[in-house]
Every structure is written in structure tokens, then in C-alpha cells.
Amino acid sequence: MLDISLKQVQALSFGFLVVLTGGSWLIMSWFFAQSVLVGGVIAIASFFSSHRDIASFLKTFEPPEEGKEKEKKGSVKSVYIIKFWLRLALIAMVLLLFIRSGKADVIGLLLGLSTVVFAIILTTLSVAGRYFLSRKG
């Protein structure tokens, strides 16, 4: 079985963030690089938070331990959905604040927000490559 490592995605996300921020500083400007950094930090923080929430949500499907009652799945699902929308609203508010105040470049923010996406794509290609190379016949 192939294991898609969350730690690999996290490490790649930080790596992309460092490379994109440094490259933006050298090629564009420090203002643009700061925007990339802010977008990347927001994306990575959201990714970590989402992972934690999804992991706790998936635990509700495991059989309960002896002596403990099972939580209601409906309430856990509602909490997960509410947290998802609150996180999305918070990200939108922070981005709006940076953009409206003129303290961030929109393209830089978008580039930074893409760091996790780049890491997921690279991890997926790596796993797919290992899968196809390890197949026999």
C-alpha cells in the first residue's frame, strides 16, 4: 500500500514557501515577497487546522472504547461544518484586511496561498510515479 505522507506535504509546503518568498524578494521586491509569505502562512495554517479537524471527525467513525459512550455523529458533523465555514470566513477577512489596507500585493498573496497546492501536486506525482514504476507486468 502506498502511503501519502502528511509530513511530506507539510515539509514541501514550507519548502515551497521559503523558495517562493526568497525568489520573489530577489526577482520582484520585498513588498511582493512579504505578500507571498503572508499568503503561504495563511494557507499552511489552514491546512494544519483542517487536518486536525478532519482527523477528529474521522475518529467518530471508530468503535467506542469500553466504558465510553459514542458521541452523536450528527453533532460532530455539525461542529466540523461550522468550523470549516468559520475558518473560511476568517481567512477571507484576513485577506480582505491585507488587500484593502494596501499592505499586500494580490498576486503575491495568491502565489503564497498556492504553496500547499504545489506541495500536494508534487506529492501526488511522486506517489503516482512510485506506483507506476513499482508495478510489474
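The paragraphs below go from the whole chain to one of its helices and then to two single residues. The model is a predicted one.

The chain has 137 residues. Its secondary structure consists of five helices and zero strands. Read from the N terminus, the order of elements is α-α-α-α-α.

How is the chain packed? Of its residues, 25% count as buried. The accessible surface of the chain is about 9,800 Å², and carbon and sulfur atoms make up 71% of that surface. Contacts can also be sorted by how far apart the two partners lie in sequence. Among contacts in the chain with a separation of 6 or more, 73% are between residues 24 or more positions apart.

Helix α5 can be followed in some detail. This helix covers residues 115-134, which is 20 residues. From its first C-alpha to its last, α5 reaches 29 Å. At 1.5 Å a residue the expected value is 28 Å, and the span of α5 is close to it.

Which residues of α5 are buried? They are T115, V116, A119, T123 and V127. Seen down the axis of α5, these buried residues fall within an arc of 100 degrees, so they line one face of the helix. The cover over the buried residues of α5 includes helices α1, α2 and α4, the last of these being residues 106-113. On the face of α5 turned away from the buried side are the exposed residues L125, F132 and L133. To see this in the structure, look along the axis of α5 and find the buried face, then find L125, F132 and L133 on the face turned away from it.

Two of the helices that cover α5, namely α1 and α2, each hold a residue that can be looked at singly. Q10 is in helix α1, which runs over residues 6-27. Is Q10 buried or exposed? Its relative accessible area is 18%, and buried means under 20%, so Q10 counts as buried. Leaving aside residues up to four places away in sequence, Q10 touches F47 and F48. Helix α2 takes in residues 30-59.

Helix α2 is also where Q34 is found. The relative accessible area of Q34 is 33%. Values that are neither under 20% nor over 50% are called partly exposed, and therefore Q34 is partly exposed. How far apart are Q34 and G112 in sequence and in space? They are 78 residues apart in sequence, and their C-alpha atoms are 9.3 Å apart in space.

Definitions and conventions
Residues are numbered from 1 along each chain as its sequence is written. This is a predicted model: local features need pLDDT of at least 70, side-chain atom pairs count only at pLDDT 80 or more; totals for chains, interfaces and linings use all residues. Side-chain values use heavy atoms; hydrogens and water are left out. Helices (H or I, at least four residues) and strands (E, at least two) are DSSP runs, numbered from the N terminus. Buried means under 20% relative accessible area, exposed over 50%, partly exposed in between (1.4 Å probe, protein chains only). Contact means heavy atoms within 4.5 Å. Accessible areas come from the Shrake-Rupley method with a 1.4 Å probe; for residues, only the protein chains shown count as cover. The expected span of a helix is 1.5 Å times one less than its number of residues. The arc is that of the directions from the helix axis to the C-beta atoms.
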